[in-house]
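Here are some notes to keep beside you on a first look at this structure. They go point by point, so feel free to rotate the view as you read.

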Amino acid sequence: MLAIEVKGLTRKYDDVVAVDQLSFDVAAGEIFGFLGPNGAGKTTTIKMLTGQLRPTNGTATVCGFDVVTQRQQLKPAIGVVFEYQNIYERMTAVENLRFSARLYGVNGNRVKEVLTQVGLQDQKRKKSAKFSNGMKQRLLIARALLHQPRVLFLDEPTRGLDPGVARDIRAIVQNLKTQGVTVFLTTHYMEEADKLCDRVAILHNGRIAALDKPNNLKQNIDQANATLEDVFLALTGYSLAGGSVPS
Ligand SMILES: Nc1ncnc2c1ncn2[C@@H]1O[C@H](COP(=O)(O)OP(=O)(O)OP(=O)(O)O)[C@@H](O)[C@H]1O
Ligand SMILES: [Mg+2]
C-alpha cells in the first residue's frame, strides 16, 4: 500500500519555481529521506503534503487522501514536526501534552505513552521554557504522535542537536517504523540518512535528481567506496575534488 503518492507536484512563488513537477511514491511503513541543498524545495513539499500550502499544479495523496480536497480527513492521519513550531513555555511537558490532547480530542492516557516513547518521562514536570533544544524536539515529536498518526513528517528533526540526542531521535523514528508508521523526513546529515532511511530522494532545484536505496545510490556513482555525501555532492553541482562547479 502507498502512504504517499505524488504526481507532477509543483509550487511557484511568483517567478520562483520552488518545487518542479515532482512525482514519487512512498510505501506504507517506509522511512523516506528527502534530501537536498538549502532552498531545494524540501519544506515547501512537506507543506503541500500536509495540506498547509496549495500546490500550483499536480496532485498528491497521503493515506489515500487528496492534500487539497480532503484536508479534513488528512489531518487526523498525519503528524508534522517543523522547526519553528511553538510550545507553551509556561507549561511543563505534561501540561503541554494534556492541553494538546484536549484540544484535539485525544484520550488523556496517550500523554503518558508519548512521553515514554520520546524519553521525556523523567522530565515531564519541568517548565518548557527551561528545555534544551533536544528536550524541545522530543516534546514536539511527542505532541505530533498524540493522535497516533499513520504518517509522520519530520522537517530536519536532528538539526542543532548533539550526537547523543540525535541518535535518540533516530531510535524514536526506527521504533515508529516497527509500529508500522511511515516517516517522511528531511535532513542535511548524510550519514544519518544513510543509516536511517529505506530510500532517499535527492532534490535539486525543485526536481528529483535521484531516488533509491542509499546503497544503490552509492554503488551507482563512478567512485570507489562512495558515501551518500559523495552522491549528494555529485548530484547537486559540486565536483568531488572539492568546490562547486557551474550547474
Ligand atoms: N514563502 C515564500 N515566499 C517566497 N519564496 C519562498 C517561500 N518559501 C520558500 N521560498 C523559496 O522556495 C525555494 C524552496 O524553499 P524551501 O524552504 O522549500 O527549501 P528547503 O529545501 O526546505 O531549504 P532548507 O534546506 O534551507 O530548509 C527557495 O528558493 C525559497 O527561497
Ligand atoms: Mg527547509
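1. A good place to begin is the start of the chain. Strand 1 (residues 2-13) and strand 4 (residues 57-62) are paired through five bridges, in the antiparallel sense. To find the register, look for Lys7, whose bridge partner in strand 4 is Thr59. Please keep in mind throughout that this is a predicted model.

2. Strand 4 also has strand 5 (residues 65-66) as a partner: two bridges join them, and they run antiparallel. Here Val62 has Phe65 of strand 5 as its bridge partner. The two strands form a hairpin with two residues between them, and within that hairpin Cys63 takes a positive phi near 55 degrees.

3. Cys63 deserves a second look. Most residues other than glycine have a negative phi. Cys63 is not a glycine, and yet its phi is positive, at about 55 degrees. Is Cys63, in the loop between strand 4 and strand 5, buried or exposed? With 20 other C-beta atoms within 10 Å, Cys63 counts as buried, because 20 or more is the cut-off for that class.

4. Gln148 makes a useful companion to that point. Gln148 has a positive phi of about 55 degrees and is not a glycine. Its place is the loop between helix 5 and strand 7. Gln148 has 14 other C-beta atoms within 10 Å, so it is partly exposed.

5. Next, the open sheet. It has six strands in the order 6-7-8-3-9-10, and the pairing is mixed. At its edges are strand 6 (78-81) and strand 10 (207-212), each of which pairs on one side only. On average, neighbouring strands of this sheet are turned by 15 degrees against each other, with direction ignored.

6. Strand 3 is worth following closely. It runs parallel to strand 8 (residues 182-186), joined to that strand by four bridges. In this pairing Ile31 stands opposite Val183, and Phe34 stands opposite Thr186. Strand 3 also runs parallel to strand 9, again with four bridges, and there Gly33 has Val200 as its bridge partner.

7. How many of the residues of strand 3 are buried? Five of its five residues are, so to colour this strand by burial is simple, because 20 or more other C-beta atoms within 10 Å is what counts as buried. Both faces are covered, with Ile31, Gly33 and Leu35 on one side and Phe32 and Phe34 on the other.

8. Two helices lie across strand 3, each with its own set of further strands. Helix 6 (residues 163-178) lies across strand 3, strand 7 (151-155) and strand 8, and runs at about 150 degrees to strand 8. Helix 9 (residues 228-235) lies across strand 3, strand 9 (199-204) and strand 10, and runs at about 30 degrees to strand 9.

9. Staying with helix 9, its buried residues are Leu228, Val231, Phe232 and Ala234. Around the axis they cover an arc of only 165 degrees, which puts them on the same side of helix 9. Their cover includes strand 3, helix 7 (190-196), strand 9 and helix 8 (214-219). Just after helix 9 comes Gly237, with a positive phi of about 95 degrees.

10. Helix 3 (residues 93-103) can be read in a similar way. Its buried residues are Ala93, Asn96, Leu97 and Ser100. Looking down the axis of helix 3, you will find them within an arc of 90 degrees, so they line one face of the helix. Among the elements that cover these residues are helix 4 (109-117) and helix 5 (133-145). Gly105, just after helix 3, takes a positive phi of about 65 degrees.

11. Finally, ligand 1. Which residues surround ligand 1? They are Tyr13, Val16, Ala18, Gly36, Asn38, Gly39, Ala40, Gly41, Lys42, Thr43 and Thr44. Strand 2 (16-27) and helix 1 (42-49) each supply at least two residues of this shell, and helix 1 gives the most, with three residues. Sorted by class, the shell has four nonpolar, six polar and one charged residues.

Key: Residues numbered from 1 in each chain as written. Chains lettered and ligands numbered in written order. Predicted model: local features only at pLDDT ≥ 70, side-chain atom pairs only at ≥ 80, totals over all residues. Near = placed C-beta within 6 Å. Nonpolar A, V, L, I, M, F, W, Y, C, P; charged D, E, K, R; others polar. Buried ≥ 20, exposed ≤ 12 C-beta atoms within 10 Å, placed from the backbone. Arc of directions from axis to C-beta. Contact = placed C-beta atoms within 7 Å. Pairing = 2+ DSSP bridges. Axes fitted to C-alpha atoms, helices over the stretch in contact; angles between N-to-C directions.
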